[in-house]
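Biologist: Pick one loop residue with an unusual backbone and take me through it slowly, along with whatever sits just before it in the chain. A second case of the same kind would help me too.

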Amino acid sequence: MIARLLRTAPLTCAFLVVFWTVGALTGAIGGAGEDLLAATGFGTGSPAWTALTSALWSMDLLGYVGTTVLLLAAGVAAERAFGGLRTAAIFLSSHVLGSFLGLGLVLAGRDVHWGWPESLVGEVATGPSIGGVGLVLALTFRMPPLRRRRVRLLTILSVLVLTLYSGWLEDLFRLSGGVAGLVIGVLFLRNGPESRARSLQETRVLVALLLAASALGPVVSMMSPYPNGPLWWFADVVAVAQPSRDDVDAVCGADAVELCRTMAVQLSYGRFPALVMSLLPALLLLVLAEGLRRGWRFAWRSALVFNVAYAAFIGSYVVYVAQFPDATALELAVSFGVPMLAPLAIIGVLLLTRRHFDVRLPRRAVTRFWRFTAGSVALLSALYVFGGYLVRDQFTPEPGFTALLADLPTRFLPPGYLDLVPLRFQAEGFVGTLLFEYTGVVFWLIVLTGLLMASWRTWPSPCEKEAAQARELMRRYGGSSLSYMTTWRGNQYWFTPDGETAVAYRVVATIALTVGDPIGPARAEAVRGFAEFCARNGWTPCLYSVGAETKEVVEGLGWSAVQVAEDTVIELDALSFTGKKWQDVRTALNKAAKAGITAEWCAYADAPYAITDQIRSISAEWVADRGLPEMGFTLGGLEQLAGDGVRCLLAVDGDRTVHGITSWLPVYADGEVVGWTLDFMRRRTHGFRGSMEFLIASAAQQLQAEGARFLSLSGAPLARLDRGERPRALQRVLDFTGQVLEPVYGFRSLFAFKAKFQPAYQPMFMAYPDSAALPRIANAVSRAYLPHLNARQGLRLASKMIIRPRGRVATHGRTR
């Protein structure tokens with residue numbers, strides 16, 4: 001990996017080596033000293049050449065680590081897009097121009113007596129992150145429109161928030177360096193006019209990012225040890241105040257009873273509950289931002305109401321403070337106008353984009369959330385009032401029942417928030433402190449969790465009618481070897497406007513996973529329409545286990561695809577178990593005949609209880625032996641055996657003992673069955689060892705006699721045939737995942753087992769429109785395959801992957 005990085009981005013790697021070496025030799029990594037900063041940093045009193053030398057040092061270890069991550073991401077991509085020399089020119093130009101532009105802003109602010117720039121006079125800044133931000137924004141001119149807008153918005157908002165709330169010279173230089181990068185991009189890198197059209201999903205993401213950025217400003221101010229920006233005071237407004245003991249004593253000595261009590265309570269508050277309650281607005285906005293990304297109307301309304309209330313609260317505070325001005329008009333306009341204008345701007349954006357947020361939660365979801373919230377309020381309120389009354393001696397002054405009831409609303413707000421609510425009591429004992437400080441914390445964490453779950457959860461509707469329609473299309477038009485799986489319970493269906501093409505899908509964590517290829521004649525139109533349907537609902541589509549034909553269709557739409565399995569197909573036209581390569585299969589057939597074992601077809605739903613009971617016992621034995629849940633999604637279990645048209649083939653001896661079972665799913669074409677797909681496989685632990693080979697071979701012989709054209713042994717996930725192609729990065733990750741999971745589920749062993757039947761191999765792909773969603777797609781696929789994995793089983797799964805046991809390999813439902 002390092003060698004490849006050196007080949008693709010030699011200039012970035014060389015700069016980082018020099019950067020860290022110089023920092024280590026001068027001791028700047030542990031924190032640059034004042035003498036070093038004065039000699040190498042750039043500021044109001046520095047020589048002009050320090051605009052260049054300041055790129056070789058950073059302020060502290062956090063700066064070194066952050067800059068390295070930034071340059072590894074931006075520098076590598078830039079060298080691929082521009083080449084080494086142009087990348088160096090863009091980086092240095094952004095750094096130098098940004099430094100001088102930031103210095104000009106400081107000097108202009110000083111001349112108009114603006115307090116914030118005046119505080120930066122005499123300061124110096126170092127760090128290549130100035131040019132790094134400019135490089136990122138210049139690089140966006142070579143990005144696709146979707147990624148370009150997101151990277152620009154996220155980068156600009158990040159440096160702007162740091163400038164307004166942290167506000168040190170290096171923060172201002174990063175902002176001006178970003179402006180320099182944009183100017184360089186406009187003048188030298190733009191390839192014609194940029195497209196202004198935005199998709200539905202893209203508009204939602206941009207609005208969500210804007211809302212999230214508005215939440216992070218006060219957090220930056222609160223978390224910064226020495227905030228210096230023009231909005232530094234904002235932390236004192238939204239945070240739980242922690243006055244000093246001297247200030248409390250001074251106020252209490254002045255006979256200000258109400259203020260004395262409030263400050264004493266604020267002083268006694270624990271740091272954790274104070275921090276959580278102070279972060280409530282930011283946490284709420286982040287949760288609502290996720291709902292906006294999904295397109296929920298509920299989140300849009302909540303964000304609108306929140307920002308209206310927020311603007312009103314901040315406006316009242318600003319009006320109060322502005323009555324006692326001790327600064328210039330410019331300082332008042334920036335320091336007190338921006339906090340109020342920010343929520344007003346977001347309100348305007350929300351109103352302008354209202355039509356993009358039209359996904360409505362089902363009535364039962366809204367009802368469940370409000371019941372959940374009301375129940376939490378009632379339970380916590382009763383706990384505080386009645387519990388507080390029982391330990392009222394732990395409060396000062398000691399309250400009565402009515403006083404506790406009157407104080408109840410303040411438990412759900414930060415203490416003294418915006419000085420709106422007076423504080424009546426101070427808790428002293430353990431139980432009293434727990435009730436007093438943590439009632440609101442628990443409530444808001446419950447509400448935020450409920451909101452987040454409502455945003456992420458899928459609310460499927462009953463779709464029996466749609467399933468029947470999809471089943472009829474499957475019989476009429478046929479499809480791939482996995483088409484029958486579209487009829488399994490848990491799937492939902494989307495149809496083209498004419499109702500002739502269907503897509504079966506299930507939504508897992510905002511990812512709409514399809515099962516196999518679209519069913520019907522219009523696959524390209526179905527993929528395009530399904531993607532638009534997903535965008536309206538705030539989902540990311542992912543076509544899983546599709547064939548080469550559908551892969552070509554989606555690649556024409558600009559999607560990406562990666563192989564996730566290998567389908568193994570036995571052509572029955574000229575099948576005969578002759579020759580050396582069929583030796584293992586013939587041996588299984590001969591041994592079964594000698595042992596008196598025969599292959600019998602049955603329908604699971606109509607089979608005698610003595611047979612079905614053995615099948616259930618064999619399956620339960622396998623599950624108990626593994627200690628892990630059965631996999632689902634494209635792998636059937638006992639429930640799927642009873643499906644309409646599914647046939648089971650049993651290995652039964654003379655005593656009617658079942659040694660093994662396989663199930664076969666019909667594959668249709670033009671209204672008739674033309675092939676069968678192997679699904680369920682189990683064998684008795686101490687039964688006939690070659691039962692799987694025997695059953696597959698027997699099925700091939702008997703179905704060949706019935707006129708079937710082919711058998712599919714189904715796809716083995718995370719296993720594939722080596723075709724001599726150089727795999728891409730994602731393909732290598734999937735190959736490694738299959739290797740790690742091999743000791744647990746044995747996908748590759750299963751793939752090797754199927755090779756005994758000399759099948760034809762057909763790759764199966766996963767197609768997706770957005771590479772940025774790959775982590776969520778991987779999470780959704782794993783949850784689809786293991787929907788019932790609990791914590792204990794998860795630990796067992798992890799231990800098996802790490803230990804890699806030897807011996808018998810057991811696959812999902814298939815033990816060898």
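Modeller: Gln758 has a relative accessibility of 36%, so it counts as partly exposed; that class lies between buried (under 20% relative accessible area) and exposed (over 50%), using a 1.4 Å probe and protein chains only. Bear in mind that this is a predicted model, where local features need pLDDT of at least 70, side-chain atom pairs count only at pLDDT 80 or more, and totals for chains, interfaces and linings use all residues. Numbering runs from 1 along each chain as its sequence is written, and side-chain values use heavy atoms, with hydrogens and water left out.

Now the backbone: Gln758 isn't a glycine, yet its phi is positive, about 50°. You'll find Gln758 in the loop between α30 and β15 (760-768). Those labels are DSSP runs numbered from the N terminus: helices are H or I, at least four residues, and strands are E, at least two.

Step back to α30, residues 747-754: its buried residues are Phe747, Leu750, Phe751, Phe753 and Lys754. Looking down the axis of α30, these buried residues fit within an arc of 160°, so they line one face of the helix. The arc is taken from the directions running from the helix axis to the C-beta atoms. An α-helix has 3.6 residues a turn, so residues three or four places apart point the same way.

For your second case, try Asp670, a non-glycine with a positive phi of about 55°. Asp670 sits in the loop between β12 (658-669) and β13 (672-683). With a relative accessible area of 72%, Asp670 is exposed.
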